[in-house]
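Visitor: Hi, I'm new to this one. Could you show it to me and walk me through it?

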Amino acid sequence: MIICTHFRGTSGRDVVATVDCEGPLFEQFETAFAFLLNRLSRSFIIRGAKREETLEIPEVALREALLNAIRHRNYHQSSPTRVSIYDDRVEILSPGTFPGPLDATNLRAGLTFL
């Protein structure tokens, strides 16, 4: 399951909107991705007769982060993946730890694990 929540402000727990994404993984992804696209701000400019919209975070980056969270999560843990939208950021948290010998220090040093 993926729990998506939009919070007011940059901290705390003042909830604006939330949705539980359940079902097959593809359905969870589609529901969570739609939530992100619908809740994030868009800017626009008008060029001639057309309006060009730009999402505050590129769709491709959101898609990749969400797919990575789903693909690489630890499915032996029953806790859900969480998507949290704040005024200044989006957090995507996936249950589990780094594989193999990796930790945050190793990542900064460029170490990878296959």
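Visitor: Which residues touch the most other members of the largest nonpolar core?

Guide: Ile 2, Cys 4, Leu 62 and Leu 66 do, in a core of 17 residues. A nonpolar core here is a set of buried Ala, Val, Leu, Ile, Met, Phe, Trp, Tyr and Cys residues joined through side-chain atoms within 4.5 Å, and buried means under 20% relative accessible area with a 1.4 Å probe, protein chains only. This is a predicted model: local features need pLDDT of at least 70, side-chain atom pairs count only at pLDDT 80 or more, and totals for chains, interfaces and linings use all residues. Residues are numbered from 1 along each chain as its sequence is written, and side-chain values use heavy atoms, leaving out hydrogens and water.

Visitor: Which element gives the largest share of this core?

Guide: That is α1, with 6 residues. Helices (H or I, at least four residues) and strands (E, at least two) are DSSP runs, numbered from the N terminus.

Visitor: And the sheet, what order are the strands in?

Guide: The order is β2-β1-β5-β6, in an open sheet of 4 strands with mixed pairing; two strands pair if DSSP finds at least two bridges between them.

Visitor: Why is one side of β2 and of β6 left without a neighbour?

Guide: β2 (15–21) and β6 (90–93) stand at the edges, each with a single partner strand, so one side of each has no neighbour in the sheet.

Visitor: How do β5 and β6 pair?

Guide: They are antiparallel, over 4 bridges, and Arg 82 stands opposite Leu 93 in β6.

Key. Buried means under 20% relative accessible area, exposed over 50%, partly exposed in between (1.4 Å probe, protein chains only).
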